[in-house]
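Let's take a walk through this one together. Have the sequence and the 3D view open, and we'll go from one feature to the next.

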Amino acid sequence: MSVMRLIEDTGLIPVVSVAPEKAVDLGRALEAGGVPILEITFRREGAEKAIENVAKELPKVAVGAGTVLTLEQARMAVDAGARFIVAPGYDPDLVEFCLKKGVDVVPGVSTPSEVTTAMKAGLKVLKLFPAESIGGTRTLKDLAGPFQSIRFITTGGMSLENLGEYTRQKNVLAVGGSFMAPSALISAGDFEGITALTKTAVKEMFGFKLIHMGINAKDKDQAREWAMLMNALFDFPANETAISYFASTDIEIMSGGGRGEKGHIGIGTNCLKRALTWLEEKGYSPNLETARYDASGRMTFIYLDKDICGFAVHINQR
Ligand code: 3PG
């Protein structure tokens, strides 16, 4: 699998500054937390040795180099086994060097002009940095209009609190940052803490959330009757749709022919495509005939192929 594909499928990139002798334990801790990716920055001595140790010891972890500011650093990183190169800014020489070497390069951009320059060089994935300081998800939405083919790895100010909102943006390939492996935990050698934090980050990235419950009525009359009952008892507003009545936005009463033995459950996520891979690994495949897409071709809705606890389950892109 290409490293960009792995990054897209994983959705998170831990950005770290780590001593060579701790790098392998750190890589293992992140992998155990569900993120087999590690960007080791050139912000301290020995970055190339740290990269080399991970590349040798952990073949399933994609190790890259971050904060690459010079061609010399890029050369050392590639020789050490870095599978991708990340830079805070846009340096055409660095980009050219990496492209010639055939190694994935993700230069930093923060303006439309830099995005344009990067596009001219043939790049499709860019680092938006420093994302929070330059307007965060608002900037991403603005860039999505003119630059429809570009996907961003957002870094700078990412946290457990905001990573879900970033993940939801259709032009975000992955969210990167130091929040999964903060320096304090690395210094303390608290690798279990890093695994726990990484698992929390994965959970926040998916952001699974109940959207509504579906109840199967036998026909439209019964669906209306039940919706009106909910309205009379609990003051839930009743709203008719082509196939159902909603009693508030939380309960959908199907007007006959509803899926599932008992009904259905709608669950939202920040990243539907990734969620489907996650669910597939657990034995629940998507029922592709039920997929819906938005105008840009992104999947927004799909049912799973089997019931859970007697309920059909559809997953929505939040
Ligand atoms: C980077 O190099 O990508 C950033 O410095 C990471 O930013 P953060 O420390 O705010 O996560």
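How many disulfides does the structure hold? The count is zero. Keep in mind that this is a predicted model. While we're on cysteines, have a look at two of them: cysteine 98 counts as buried, at 0% relative accessibility, and cysteine 271 is buried too, with a relative accessible area of 6%.

Now for the sheet. It's an open one of eight strands with mixed pairing, and the order reads S11-S12-S13-S10-S14-S17-S16-S15. At the edges you'll find strand S11 (238–240) and strand S15 (286–293), each of which pairs on one side only. Ignoring direction, neighbouring strands here are turned by 20 degrees against each other on average. On this sheet packs helix H11, residues 220–234, which touches S10, S11, strand S12 (244–247) and strand S13 (251–255). The direction of H11 makes about 155 degrees with that of S13.

Let's pick out strand S14, residues 263–269, which is mostly covered, with six of its seven residues buried. Strand S10 (residues 209–217) pairs with S14 in the antiparallel sense, over six bridges. If you want a spot to zoom in on, lysine 209 stands opposite glycine 268 in S14. S14 also pairs with strand S17 (residues 311–317), this time in the parallel sense and over seven bridges. Here isoleucine 267 has isoleucine 315 in S17 as its bridge partner.

Step along from S17 to strand S16 (residues 299–304): these two run antiparallel, joined by three bridges. Tyrosine 303 has histidine 314 in S17 as its bridge partner. Tyrosine 303 is worth a second look for its ring, since the charged end of arginine 259 sits over that ring, 4.7 Å from the centre. There's another arginine to find as well: arginine 292 lies over the face of phenylalanine 301, at 3.7 Å from the ring centre.

Back on the other side of S10, let's stop at the loop between S12 and S13, where you'll find aspartate 250. Is aspartate 250 buried, exposed or partly exposed? With a relative accessible area of 45%, aspartate 250 is partly exposed. In sequence, aspartate 250 and isoleucine 211 are 39 residues apart, yet their C-alpha atoms are 6.6 Å apart in space. Setting aside neighbours within four places in sequence, aspartate 250 is in contact with Ile211, His212 and Met213.

Last stop: the aromatic rings. The count comes to four aromatic pairs. Why does the pair of phenylalanine 206 and phenylalanine 208 count as stacked? Their ring centres are 5.2 Å apart and their planes are at 15 degrees, so the pair falls on the stacked side of the 30 degrees cut-off. Phenylalanine 234 and phenylalanine 236 make a tilted pair, because their centres are 5.5 Å apart and their planes are at 35 degrees.

As for how covered these residues are, phenylalanine 206 is buried at 5% relative accessible area, whereas phenylalanine 208 counts as partly exposed at 36%. Phenylalanine 236 is partly exposed as well, with a relative accessible area of 29%. To finish, go back to Phe206 and Phe208 and bring Trp278 into view: ring pairs link these residues into a cluster.

Definitions and conventions: Residues numbered from 1 in each chain as written. Predicted model: local features only at pLDDT ≥ 70, side-chain atom pairs only at ≥ 80, totals over all residues. Heavy atoms only, no water. Phe/Tyr/Trp six-rings, centres within 6.5 Å; stacked < 30°, edge-to-face > 60°. Buried < 20%, exposed > 50% of the residue type's maximum accessible area, 1.4 Å probe, protein only. Lys NZ or Arg CZ within 6 Å of the ring centre and 35° of its normal. Helix = DSSP H or I, 4+ residues; strand = E, 2+ residues; numbered from the N terminus. Pairing = 2+ DSSP bridges. Axes fitted to C-alpha atoms, helices over the stretch in contact; angles between N-to-C directions. Contact = heavy atoms within 4.5 Å. Disulfide = S-S within 2.5 Å.
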